[in-house]
Amino acid sequence: MQYKFLAIILFFYFLTLFQNSFVSHFAIFGVFPNLVLILFCLLSFFENSHRYFNIFLALTAGFFLDIFSNSFFGVSIFSFIIIYFFIKETIHFLRDISQEYSVIYFILTFIFSIILYGFFFGLFSRFLNHSSLSLFGGYALVAKIAYNLPFAVAGFYLLKRYPIFKNEIR
Amino acid sequence: MINNSQKRRTPRIIVIAIVVVLTILLSSIFKSNVKNFFYLTSSSLQKSFWQIGGNTSDFLYSFLRVKDLKNDNEQLILDNQKLLLQVSALEDLEKENQTLREALEINLQKDFEMVFSQIISKDISEDFILIDKGSEDNILKDMPVINQEMVLFGKISEVYGSFSRVALITNENCVFDAKTIGKEIYGIVKGKGNSNLYFDLISREVELKEKDVLVTTALGGKFPQNLLIGEVEKVIKEDTKPFQSADIKPFFDLEKTDNLFIITNF
């Protein structure tokens, strides 16, 4: 169990570095894929509805994003925890309709997760940094969704085909 | 059964809440030290990622732009001819200037004091970059950051021990005075976020054109004068507005930049 925690911490640390230093070169309209958010949403989506292990992921992923960003410390941690509970509740509700891990369900939850993340980022920036950052991002939000979604969907099928956390998937 | 499950969940949620609050609180209090520690331990890896990323994106970009290369080449030949003409004119001016300096017996050639630095990463919240020089190298907040071609990138927004965060000129909070070269059209440059920039508060009487080049002015004292900013991409002139504005294409290109200079004295 301890090794799993350590592996997750190291993995998110390297993923954050990779995202900020490598992936940032592939920006389109100033936007580049948020791999940390994508992976976090995927793992939370596939988590067994009775388990709450991924709250630890929210802490780890949020912590590293906060460390390597200019935002107020805690914004990403807070946003990821909210997103985590949002995904858990949404999945719980959607599973009542269908028992399948539908890609449509994932796309919907992922889009709302991006919106939520952008919203909290804008909200904290406005009140704490006195920034004029937009709450919903305007066209940048559309660019973010369009650029992140193909990676998220590819990750969805990859994780569905090769579940790395087998015990998380029912 | 539900009660038991709820009973088991309640202490867990309390523990999680305490951990979250403590993490945020402690990290906020020691923010500078915590960030500096992580930047220090990961700087070599980040530099490698940054260079590999830059090379990879250049490689892919050259494939995507094969069709445009011919047109670009023709345009560059034309631009080069124009520039040669301008250089010739400037050489004459330089001679005249030199003569005047000698006549006045004063040295107007005042170079900036600069510190060399390398880019380590770009912020996910965009329009910020991290460089490998900090308070240990006498870097202070608000110092301008340029490249070797005197292209303005931004200013230092946050200083840690061995690192600094640079707010790019495209950052939404970045506002400064600028003018066009030649026509001396004055206005305010404002960042729009996501690598976008615009030129605002320009008098309606002046004729601003596409490709007009913007440089900094000494007004406001934020930046030294004559640092290159970008060129006018689209002029916006509406009858209902008292001023005209323009979208600006910044000259800085993060994908092709590894090294920068921080102006420590101007």
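Modeller: Two strands pair if DSSP finds at least two bridges between them. Helices (H or I, at least four residues) and strands (E, at least two) are DSSP runs, numbered from the N terminus. This is a predicted model: local features need pLDDT of at least 70, side-chain atom pairs count only at pLDDT 80 or more, and totals for chains, interfaces and linings use all residues. Residues are numbered from 1 along each chain as its sequence is written, while chains are lettered from A and ligands numbered from 1 in the order in which they are written.

Colleague: Okay, chain A. How many helices and strands does the secondary structure of chain A come to?

Modeller: Walk along the sequence and chain A reads α-α-α-α-α-α. Tally that up and you get 6 helices and 0 strands.

Colleague: Take helices H2 and H3 of chain A. Are H2(A) and H3(A) roughly parallel or roughly antiparallel to each other?

Modeller: Helix H2(A), residues 35–46, packs on H3(A) at about 175 degrees, with the axes 11 Å apart. Here axes are lines fitted to C-alpha atoms, for helices over the stretch in contact, and angles run from 0 to 180 degrees between N-to-C directions. Under 35 degrees counts as roughly parallel, over 145 as roughly antiparallel, 65 to 115 as roughly perpendicular and the rest as oblique. The two helices are therefore roughly antiparallel.

Colleague: And how many nonpolar residues are in the contact of H2(A) with H3(A)?

Modeller: H2(A) brings A:Val36, A:Phe40 and A:Leu43, and H3(A) brings A:Leu57, A:Ala58, A:Ala61 and A:Leu65. A contact is a pair of residues whose C-beta atoms, placed from the backbone, lie within 7 Å. Nonpolar covers Ala, Val, Leu, Ile, Met, Phe, Trp, Tyr, Cys and Pro; charged is Asp, Glu, Lys and Arg; polar is the others, Gly among them. With no polar and no charged residues there, the nonpolar count is 7.

Colleague: How many of the 12 residues of H2(A) are buried?

Modeller: Buried takes 20 or more other C-beta atoms within 10 Å of a residue's own, exposed takes 12 or fewer, and partly exposed is in between. Among the buried ones are A:Leu35, A:Cys41, A:Ser44 and A:Phe46. H2(A) is mostly covered, and its buried count is 11.

Colleague: How far apart are the end C-alpha atoms of H2(A)?

Modeller: The expected span of a helix is 1.5 Å times one less than its number of residues. For the 12 residues of H2(A) that gives 16 Å, which agrees with the distance in the model: 17 Å.

Colleague: Now the contact between the chains. How many residues does it take from chain A and from chain B?

Modeller: It takes 31 residues from chain A and 39 from chain B. Helices H1 (2–21), H3 (55–67) and H4 (75–97) of chain A each supply at least two residues of the chain A side. That side divides into 18 nonpolar, 13 polar and no charged. To repeat what you asked for: chain A gives 31 and chain B gives 39.

Colleague: Over to chain B, with its 3 helices and 12 strands. In what order do the strands run in the closed barrel that includes S1?

Modeller: S1(B) is joined to S12(B) by 6 bridges and to S2(B) by 3 bridges, running antiparallel. S3(B), residues 144–146, pairs with S12(B), residues 259–265, over 2 bridges. The barrel has 6 strands with antiparallel pairing, in the order S1-S2-S5-S4-S3-S12.

Colleague: Which residue of S12(B) is the bridge partner of B:Val115?

Modeller: S12(B) has neighbours on both sides here. On the S3(B) side, B:Val145 is bridged to B:Ile262. On the S1(B) side, B:Val115 also has as its partner B:Ile262.

Colleague: And which residue in S2(B) stands opposite B:Ile119?

Modeller: Helix H2(B), residues 31–64, lies across S1(B) (113–122) and S2(B) (128–131), at about 80 degrees to S1(B). In the pairing of those two strands, opposite B:Ile119 stands B:Ile131.

Colleague: There's another barrel, running S6-S7-S8-S11-S10-S9 in chain B. What is the bridge partner of B:Val189 in S8(B)?

Modeller: S7(B) and S8(B), residues 196–203, run antiparallel and are joined by 5 bridges. Across from B:Val189 you find B:Phe199.

Colleague: Last one: is B:Glu184 buried or exposed?

Modeller: B:Glu184 lies in the loop between S6 (175–180) and S7 (186–193) of chain B. Because B:Glu184 has 9 other C-beta atoms within 10 Å, it counts as exposed.

Notes: Two residues are in contact if their C-beta atoms, placed from the backbone, lie within 7 Å.
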